[in-house]
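New to this one? Here's a quick briefing to help you find your way around.

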Amino acid sequence: MTIVLSTPAVDQVRGALAVLREWQDDAAPMQLHPGDIGWYYRFGAAETASAVRTWSRDGRILAVGLLDGPTLLRVTAAPGAFRDEELAERLAEDLSRAGRDVFPEGEVSVEAPPGLLLHDRLTDRGWGVDEPWTPLYRDLAAAVEDPGVRVGELGLERAEEFATVLRSAFGTDRPSAAYRYGMASGPFAADARCLGIYDGGDAPVAVVTVWSAGPGRPGLVEPMGVHADHRGRGLGRAVTLAGAAALREMGASSVRVCTPTENAAAIATYEAAGFTPQPEVTDRVRKG
């Protein structure tokens, strides 16, 4: 059967998220997670649907991608399709040629898990590699240590406080209260937790969002940040521990995160929270 590339309608995104949940496994490499799409819901349901791509054969989804901006596709495949020749060839063709409902002309990037045959096919087409990223992993079989600070869940009533911390943490004016409402509107939003650390006041000074893929599967940290006025006090470690504990309560088997290798401070924070760095990965780049 021919492999079909599709952009789901708003009411079809749940199906793509459902298969992504099934594909998450501790034995699998770091890959696109349903939480990545859940975080993208901060832009709203319609824009999220327009950013998702699926590749299907005979009605079965074999690969799911998320356009995290117009020039970056984050993509993964079903466990049994990592070395599928037809899928790899079709993906490489769709990603390498403008006008195939994925990329425009010019420089673009693809994030794909190690072991996917797509990497070989992109190499055949002259794609290079970008700067390295470091995946980090923490097993959740054992109880997570107490973060030693006051932790609270950030519901919609604290949407602006959530956004304020992220704006300060990342030095940007983009996160808004609407982001929190958008996240809450997505399928499987109940599998996420937004948590805040309080340092003697009534407003959070560090925040984290964690995403479960269901019991017995790895969860995801996305995003985590500490207000600029409160850095250097171990609050990044504390809020990450709080997020890991929440995932364990939801039945997650482990927790994962990925950060640029050059961001030594972020890697050190996650290591302090019990995460172990994994082998570096690189995005694939097609120069313009």
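Helices and strands here are DSSP runs, with at least four residues for a helix and at least two for a strand, numbered from the N terminus. Keep in mind that this is a predicted model. On that footing, the chain has 9 helices and 13 strands. Its radius of gyration is 19 Å, close to the 19 Å the globule rule gives for 288 residues, so the chain is as compact as a globular protein of that length.

**The chain as a whole**
- Along its principal axes, the C-alpha trace spans about 60 × 35 × 35 Å.
- Of the 288 residues, 51% are buried.
- Take the contacts between residues at least 6 apart in sequence: 74% of them join residues at least 24 apart.

**Surface and charge**
- About 12,300 Å² of the chain is exposed, and carbon and sulfur atoms supply 49% of that.
- The chain carries 29 positive and 40 negative charges, and the mean positions of the two sets are 2 Å apart.

**A look at helix H6**
- H6 covers residues 159-170, and its 12 residues reach 17 Å from first C-alpha to last, close to the expected 16 Å.
- Which residues of H6 are buried? They are Ala159, Phe162, Ala163, Val165, Leu166, Ser168 and Ala169.
- An α-helix has 3.6 residues a turn, so residues three or four places apart point the same way.
- The cover over the buried residues of H6 includes helices H2 (34-40) and H7 (177-184), along with strands S8 (192-198), S9 (204-211) and S10 (218-226).
- Right after H6 comes Gly171, with a positive phi near 60°.

Conventions:
Residues are numbered from 1 along each chain as its sequence is written. This is a predicted model: local features need pLDDT of at least 70, side-chain atom pairs count only at pLDDT 80 or more; totals for chains, interfaces and linings use all residues. Side-chain values use heavy atoms; hydrogens and water are left out. The radius of gyration is taken over C-alpha atoms; the globule rule is 2.2 Å times the number of residues to the power 0.38. Buried means under 20% relative accessible area, exposed over 50%, partly exposed in between (1.4 Å probe, protein chains only). Contact means heavy atoms within 4.5 Å. Accessible areas come from the Shrake-Rupley method with a 1.4 Å probe; for residues, only the protein chains shown count as cover. Lys and Arg count as positive and Asp and Glu as negative; His and the chain ends are not counted. The place of a charge is taken as NZ of Lys, CZ of Arg, CG of Asp or CD of Glu. The expected span of a helix is 1.5 Å times one less than its number of residues.
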